[in-house]
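Biologist: Could you take me on a close look at the ligand site in this one? I'd like to know what surrounds the ligand, what touches it, and then whatever else caught your eye along the chain.

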Amino acid sequence: MDFKKARERLISRIGAEIRDKRVLDTMSRIPREKFVTPDLQRSAYEDRPLPIGLGQTISQPLIVAMMTEALELTGKEKVLEIGTGSGYQTAILAELAATVISVERLPELAETAGTLLKKLGYTNVTVHVAEKTLGWPKEAPYDAIITTAGAPKVPPDLVAQLKFKGTLIIPVGSRYLQELFKVTRLKTKNKIQNLGGCRFVSLIGKGAWDE
Ligand code: SAH
């Protein structure tokens, strides 16, 4: 299968809805087929989530593009990702930001993604196995935080890890259906924009869902 051709077709379709050229350029370089198991590689350029084992999924490319665009990265940022999963979104962030810290709850996924990202040559990424508190407070504050799992509400523990005027992108809603929120940390009341409907696996932990 010609992955490069399939990738170009997918990115050109996504391009109808995404304006940020840096996001599209980056996604047209990253081999999504390497982030799924061999049996799913031929589906890697369909615009849909795919299973990555342990009940988790690699996110749909259009949603990945939307979330990344919403972060408005310039290349100087320190970004925190919650939910490494396959590492696909992590690779995109690594190309568009200065430093990426990614946390994953399931050690097996963290291990596989960390190894793959290293193999692909990313040196500005660290993958950690998640601890009790959501996010990764040890290296806070962050310019931007992206959560690739859905929460019942905006977790205060995550907002607390943002710099002033930093951005948090997070799906918020029920277990099965959410809306994508863009939260900007401000002095008194944080700004919240709703970017539209989405469907993510659950964010597990204190301040989110039970296992
Ligand atoms: N960006 C990933 C999406 C993976 S799905 C990709 O495209 O491949 C979301 C991931 O979030 C799952 O791997 C799940 O294990 C993880 N997750 C859920 N709750 C978490 C938490 N509290 N901290 C870190 N990771 C979490």
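**Around the ligand**

Modeller: Sure. Sorted by class, the shell around the ligand is made of 11 nonpolar, 10 polar and three charged residues. Keep in mind as we go that this is a predicted model.

Let's start with who sits closest. The ligand has 24 residues around it, and the ones that come nearest are Thr-57, Ser-59, Ser-86, Glu-104 and Ile-204. Two of those names come back when you look at polar atoms. The side chain of Ser-86 has an N or O atom 2.6 Å from an oxygen atom of the ligand. Glu-104 also puts a polar side-chain atom 2.6 Å from a ligand oxygen atom. Gly-83 joins in through its backbone: an N or O atom there lies 3.3 Å from a nitrogen atom of the ligand. As for how covered the ligand is, on its own it has 580 Å² of accessible area, and the protein covers 98% of that.

And the space itself? The ligand takes up the largest pocket. If you want to trace the shell on the fold, the elements to colour are strand 2 (56-58), strand 3 (78-82) and strand 4 (99-104), which each give two or more residues to the shell. Strand 2 makes the largest contribution, with three residues.

Now follow the chain back from strand 2 and you reach a backbone oddity. Leu-54, in the loop between strand 1 and strand 2, has a positive phi of about 55°, even though this residue is not a glycine.

There's a second backbone feature worth finding on your screen. The peptide bond that runs from Ala-140 to Pro-141 is cis, and its omega is near 5°. Pro-141 is in a loop too, the one between strand 5 (125-129) and strand 6 (142-147).

Last stop, charged pairs. Searching the whole structure turns up 10 salt bridges. One of them to click on is formed by Glu-33 and Arg-7, whose closest N and O atoms are 3.6 Å apart. That pair ties together distant parts of the chain, with the two positions 26 residues apart in numbering: Arg-7 belongs to helix 1 (residues 3-14), while Glu-33 is in the loop between helix 2 (21-27) and strand 1 (50-53).

So, for your notes on the site: put Ser-86, Glu-104 and Gly-83 down for the polar atoms by the ligand, and strand 2 for the largest share of the shell.

Methods: Residues are numbered from 1 along each chain as its sequence is written. This is a predicted model: local features need pLDDT of at least 70, side-chain atom pairs count only at pLDDT 80 or more; totals for chains, interfaces and linings use all residues. Side-chain values use heavy atoms; hydrogens and water are left out. A residue is near a molecule or strand if one of its heavy atoms lies within 4 Å of it. A polar contact is a pair of N or O atoms within 3.5 Å; within protein, one must be able to donate a hydrogen and the other to accept it, and residues adjacent in sequence count only if both atoms are side-chain atoms. Accessible areas come from the Shrake-Rupley method with a 1.4 Å probe; for residues, only the protein chains shown count as cover. On a 1 Å grid over the protein atoms alone, a cavity is a set of points where a 1.4 Å probe fits but cannot get out, and a pocket is an open set with protein on both sides within 12 Å along at least five of seven lines; lining residues have an atom within 4 Å of a point. A molecule sits in a cavity or pocket if more than half of its atoms lie within 2 Å of its grid points. Helices (H or I, at least four residues) and strands (E, at least two) are DSSP runs, numbered from the N terminus. Ala, Val, Leu, Ile, Met, Phe, Trp, Tyr, Cys and Pro count as nonpolar, Asp, Glu, Lys and Arg as charged, and the others, Gly among them, as polar. A salt bridge is a side-chain nitrogen of Lys or Arg within 4 Å of a carboxyl oxygen of Asp or Glu.
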